[in-house]
Amino acid sequence: ILKKILKIIAVLAIFAITAMVFFILVYFATELIVGKNYLFYEYDQIAYQFLGFLVILPPLIITIVLATKLKLVSSMRKAEKNEEIIYLWNRLGRWKILVIFVYFVILFVTISSVNVVYSDKIVTKSAFNLKGTEYNFTQVEEVNCGFGKSNFSLLDYKQKGNFYYQVKVG
């Protein structure tokens with residue numbers, strides 16, 4: 001029974017370490033893109049929906065692959081599913097590098113799609129415009145705010161009870 005407990009602890013430790021690495025990566029990338037002296041920032045709504053998957057999925061896959069290769073889950077019931085993931089990973093062959101590259105490109109596009117509010121301006125940034133488009137507060141024509149009314153919506157700001165704001169600039 002001690003062996004099983006140690007295996008479970010090892011799997012949890014692998015997941016915790018890899019998840020921490022990805023959270024730190026996203027944190028530093030965001031700080032690099034957003035910069036200093038901002039009041040607040042907000043990711044693009046569609047990009048924000050993918051961010052959770054992009055941060056949690058790799059540590060989960062890395063944990064499954066390492067735990068299976070290290071025989072930490074061989075006695076567990078779900079070992080067959082883990083072996084399927086490893087089989088798919090091994091079948092990628094030379095494409096692994098491309099898959100990892102595409103993952104980081106998608107992560108970069110997601111993190112860099114951000115609106116930053118400073119004390120004197122609003123900056124809209126994207127992967128194709130890292131410097132961003134600056135708008136002075138004098139250019140703001142209208143600010144709409146309210147609460148979402150939809151019971152089901154893929155966009156966070158439309159979901160019932162969620163506060164939103166939309167800034168129209170000229």
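This short talk goes through a predicted model of one protein, from its overall fold to one pocket and two residues.

A word first on how the values were obtained. Residues are numbered from 1 along each chain as its sequence is written, and side-chain values use heavy atoms, with hydrogens and water left out. Since this is a predicted model, local features need pLDDT of at least 70 and side-chain atom pairs count only at pLDDT 80 or more, while totals for chains, interfaces and linings use all residues.

Let me begin with the fold. The protein has four helices and six strands, where helices (H or I, at least four residues) and strands (E, at least two) are DSSP runs numbered from the N terminus. Along the sequence they follow the pattern α-β-α-α-α-β-β-β-β-β. Of the contacts (heavy atoms within 4.5 Å) between residues at least 6 apart in sequence, 52% join residues at least 24 apart.

As for confidence, the average pLDDT, the predictor's confidence in each residue from 0 to 100, is 77, and 84% of the residues score at least 70. Among the elements, strand β4 (residues 129-136) has the highest mean, 89, and helix α3 (residues 79-91) the lowest, 65.

That low value for helix α3 should be kept in mind for the second largest pocket, to which α2 (45-69), α3 and α4 (95-112) each supply at least two lining residues. A pocket here is an open set of points on a 1 Å grid over the protein atoms alone, where a 1.4 Å probe fits, with protein on both sides within 12 Å along at least five of seven lines, and lining residues have an atom within 4 Å of a point. This pocket holds about 490 Å³ of space, the volume being that filled by probe spheres set on points joined across faces, edges and corners. Of its 18 lining residues, P58, I61, W89, V99 and I100 are the closest to its centre. Helix α2 gives the largest share of the lining, seven residues. The lining divides into 18 nonpolar residues (Ala, Val, Leu, Ile, Met, Phe, Trp, Tyr, Cys and Pro), no polar and no charged.

Finally, two residues. Is T110, in helix α4, buried or exposed? T110 is buried (under 20% relative accessible area, with a 1.4 Å probe and protein chains only), because its relative accessible area is 5%. Leaving aside neighbours within four places in sequence, T110 is in contact with Y43, A47, L51 and L54. C145, in strand β5 (residues 140-147), counts as exposed (over 50%) at 51% relative accessibility. The C-alpha atoms of C145 and Y165, 20 residues apart along the chain, are separated by 4.1 Å.
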